[in-house]
Amino acid sequence: MAYHVPVMVEEVVAGLVADLDGSYVDATVGGGGHSWALLQALGSKGRLLAVDRDREAVAAARVRLAADARAVVRQGRFAELSELLAQEGIGPLSGILFDLGVSSHQIDAPARGFSYQADGPLDMRMDAGVGPTAAEWIAARSERELAELIVRYGEERTARRIARSIYRQQRLAPLTTTQALRLAVAATRPQMLNKTLARVFQALRIAVNDELGQLQAGLTAAEVSLKPGGRLAVLAYHSLEDRLVKQHFAVLVRGCICPPRVPICTCGREPSFKRVSRKLQKASEAEVKQNTRARSAILRIYEKIEAG
Ligand SMILES: C[S@@+](CC[C@H](N)C(=O)[O-])C[C@H]1O[C@@H](n2cnc3c(N)ncnc32)[C@H](O)[C@@H]1O
């Protein structure tokens, strides 16, 4: 089975690669699908730093990209991007890609604990072995904290009922498997069990991996590391990620941060980025037919502009 089928590859490559001999980063290399396509588009002097926090992804990408001397694959998180770039002596960048979320390989491996459809340890860590698992996260929190999390990161209205059920189970025997979590959610008799499970699992995954904190750090690193004319492409799969990207760049595209009631700008800030396309980019119907994961993808591309 393929490690992961990359989403909107043509759109990403066309939107990102303007300088064939430039330096690029794929911050979420996964199985290397986007990286491979980027390398096909780059010239002989182009360079690519491919990064992933997941050791299994790094190993798979190293195999896929091994024959290409223009590519280097490193394990690391978004928050470590500046450090990795400095260590590899790469930059300023012509482009950087963030293809957010989890890969099909991570979801499909029961041992990783991301899937509510298969039984496995309640883990959910992208960088396996680092930091608390989802089971440890639940054990260390209160019912109220979990309910708040499920509302904030899962956008699930019945969060309080679900959190109550989870901690009722937790008091009898600590939840250590994805099936135990599934049963605790199912006990609340949600109208659409799979949708509710997807939201609860998403919320926990985001918390366990500090996904939004990492994304914020990654966007800031990208902002600094791109050269004028350099581009950033983000593929987001749910509204929380997409909103964060949109809000982060809204400020940079506008420049001025004066309150709306101030008639004349006093902050003096100039725009530092522009949107490459005003229209939101989504996967084509043909792609969604082939790969249902592409259905929720939203692609945003921004370009750094010369300071005025
Ligand atoms: C959707 S998959 C990327 C698939 C990839 N584009 C491909 O073509 O195979 C997302 C990947 O990003 C990685 N990831 C998520 N958050 C990360 C972070 N903060 N730092 C580094 N890698 C991260 C995950 O481990 C996962 O392998």
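A polar contact is taken here as a pair of N or O atoms within 3.5 Å. The structure is a predicted model, and this criterion is applied below to the surroundings of its ligand.

One such pair joins an oxygen atom of the ligand to an N or O atom in the side chain of Asp52, at a distance of 2.7 Å. A nitrogen atom of the ligand lies 2.8 Å from an N or O atom in the side chain of His34. At Phe78 the partner belongs to the backbone: a polar backbone atom of this residue is 3.1 Å from a nitrogen atom of the ligand. On its own, the ligand has 610 Å² of accessible area, of which the protein covers 99%.

The shell around the ligand comprises 25 residues, and the closest of these are Gly31, His34, Asp52, Asp99 and Gln106. His34 and Asp52 thus appear both among the closest residues and in the side-chain contacts described above. Sorted by class, the shell contains 12 polar, seven nonpolar and six charged residues. The largest cavity is the space that the ligand takes up.

A separate region of the chain was examined at Val130. This residue is located in the loop that links helix H5 (104-108) to helix H6 (134-139). Val130 is classed as partly exposed because its relative accessibility is 46%, a value between the 20% limit for buried residues and the 50% limit for exposed ones. The C-alpha atoms of Val130 and Glu145 are separated by 22 Å in space, with the two residues 15 positions apart in sequence.

Terms used:
Residues are numbered from 1 along each chain as its sequence is written. This is a predicted model: local features need pLDDT of at least 70, side-chain atom pairs count only at pLDDT 80 or more; totals for chains, interfaces and linings use all residues. Side-chain values use heavy atoms; hydrogens and water are left out. A residue is near a molecule or strand if one of its heavy atoms lies within 4 Å of it. A polar contact is a pair of N or O atoms within 3.5 Å; within protein, one must be able to donate a hydrogen and the other to accept it, and residues adjacent in sequence count only if both atoms are side-chain atoms. Accessible areas come from the Shrake-Rupley method with a 1.4 Å probe; for residues, only the protein chains shown count as cover. On a 1 Å grid over the protein atoms alone, a cavity is a set of points where a 1.4 Å probe fits but cannot get out, and a pocket is an open set with protein on both sides within 12 Å along at least five of seven lines; lining residues have an atom within 4 Å of a point. A molecule sits in a cavity or pocket if more than half of its atoms lie within 2 Å of its grid points. Ala, Val, Leu, Ile, Met, Phe, Trp, Tyr, Cys and Pro count as nonpolar, Asp, Glu, Lys and Arg as charged, and the others, Gly among them, as polar. Helices (H or I, at least four residues) and strands (E, at least two) are DSSP runs, numbered from the N terminus. Buried means under 20% relative accessible area, exposed over 50%, partly exposed in between (1.4 Å probe, protein chains only).
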